[in-house]
Amino acid sequence: MEIALSEARLAEKEEEIPVGAVIVCNGEVIAKAHNMREQLKDPTAHAEILAIRKAAKTLGDWRLSNCEIYVTLEPCPMCASAILLARIPKIYFGAYDFENGACGSKMNIPITFPVFGYKAEVVGGIMKDQCRKVLQEFFKKRRNRYNKKRRDG
């Protein structure tokens, strides 16, 4: 999760929503990514999706059944579904997303809606305070900039 947090901080520096993801296979980091929706002008460029693409390329296979994914924020429905489609059996995340989370908070896609019969084990709350803090600071700065622009005109 430390590596995922480093990725989230990279996203923040790039003015992206600070979410980072890491995929580990047999104890080795094979892919890491952070949100890049703004840079790539791609609504699907979430950290999880980008990490899955890198891991599949590294392994030469779209089936990531010996892997685990670590994400700083609970995956959304798109990402939770992509994780299942990639056959990743274990999802670890930091901060809970009570508005959009699809791994237990708002809904539970890996358990309730298995994709093609595949389910995943989900563990949330890993380093949740650190993960939440990065997001809170990002949105606080964004709100302050927005409010300053409104005041200045």
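In strand 2, which residue is the bridge partner of Ala 21? It's Ala 33, and that pair is a good place to start looking around. Before we go on, keep in mind that this is a predicted model, where local features need pLDDT of at least 70, side-chain atom pairs count only at pLDDT 80 or more, and totals for chains, interfaces and linings use all residues. Residues are numbered from 1 along each chain as its sequence is written, and side-chain values use heavy atoms, with hydrogens and water left out.

Let's stay with the strands. Strands (E, at least two residues) and helices (H or I, at least four) are DSSP runs, numbered from the N terminus. Two strands pair if DSSP finds at least two bridges between them. Strand 1 (residues 20-25) and strand 2 run antiparallel and are joined by 6 bridges. Another of these pairs puts Val 22 with Lys 32. The two strands make a hairpin with 2 residues between them, and Asn 26 in the turn has a positive phi of about 50°.

Now zoom out. The whole sheet is open, has 5 strands in the order 2-1-3-4-5, and mixes its pairing. Its edges are strand 2 (28-34) and strand 5 (121-123), each of which pairs on one side only. On average, neighbouring strands are turned by 15° against each other, direction ignored; the axes behind that angle are lines fitted to C-alpha atoms, for helices over the stretch in contact, and angles run from 0 to 180 degrees between N-to-C directions.

Where does the mixed pairing show up? Look at strand 3. With strand 1 it runs antiparallel, through 5 bridges, and Val 24 has Glu 68 in strand 3 as its partner. With strand 4, strand 3 runs parallel, again through 5 bridges, and here Tyr 70 stands opposite Tyr 92. Strand 3 is also mostly covered, with 6 of its 7 residues buried. Buried means under 20% relative accessible area, exposed means over 50%, and partly exposed is in between (1.4 Å probe, protein chains only).

Next, the inside. A nonpolar core is a set of buried Ala, Val, Leu, Ile, Met, Phe, Trp, Tyr and Cys residues joined through side-chain atoms within 4.5 Å. The largest one here has 46 residues, and Ile 23, Ile 30, Ile 52, Leu 64, Ile 69 and Ile 88 touch the most other members. Several elements supply at least two residues each, including helix 1 (2-13), strand 3 (67-73) and helix 6 (128-152). Helix 3 gives the most, with 6 residues.

Helix 1 deserves a closer look. Its 12 residues reach 17 Å from first C-alpha to last, close to the 16 Å expected at 1.5 Å a residue (the expected span is 1.5 Å times one less than the number of residues). Ala 4, Leu 5, Glu 7, Ala 8, Ala 11 and Glu 12 are buried. Seen down the axis, these buried residues fall within an arc of 155°, so they line one face of the helix; the arc is that of the directions from the helix axis to the C-beta atoms. On the other side, Glu 2 and Lys 13 are exposed.

Finally, find Cys 103, in the loop between strand 4 and helix 5 (109-112). Is Cys 103 buried or exposed? It counts as buried, because its relative accessibility is 5%. Leaving aside neighbours within four places in sequence, its contacts (heavy atoms within 4.5 Å) include Pro 75, Ala 80, Phe 93 and Val 122. Ala 80 is 23 residues away along the chain, yet the two C-alpha atoms are separated by 6.9 Å.
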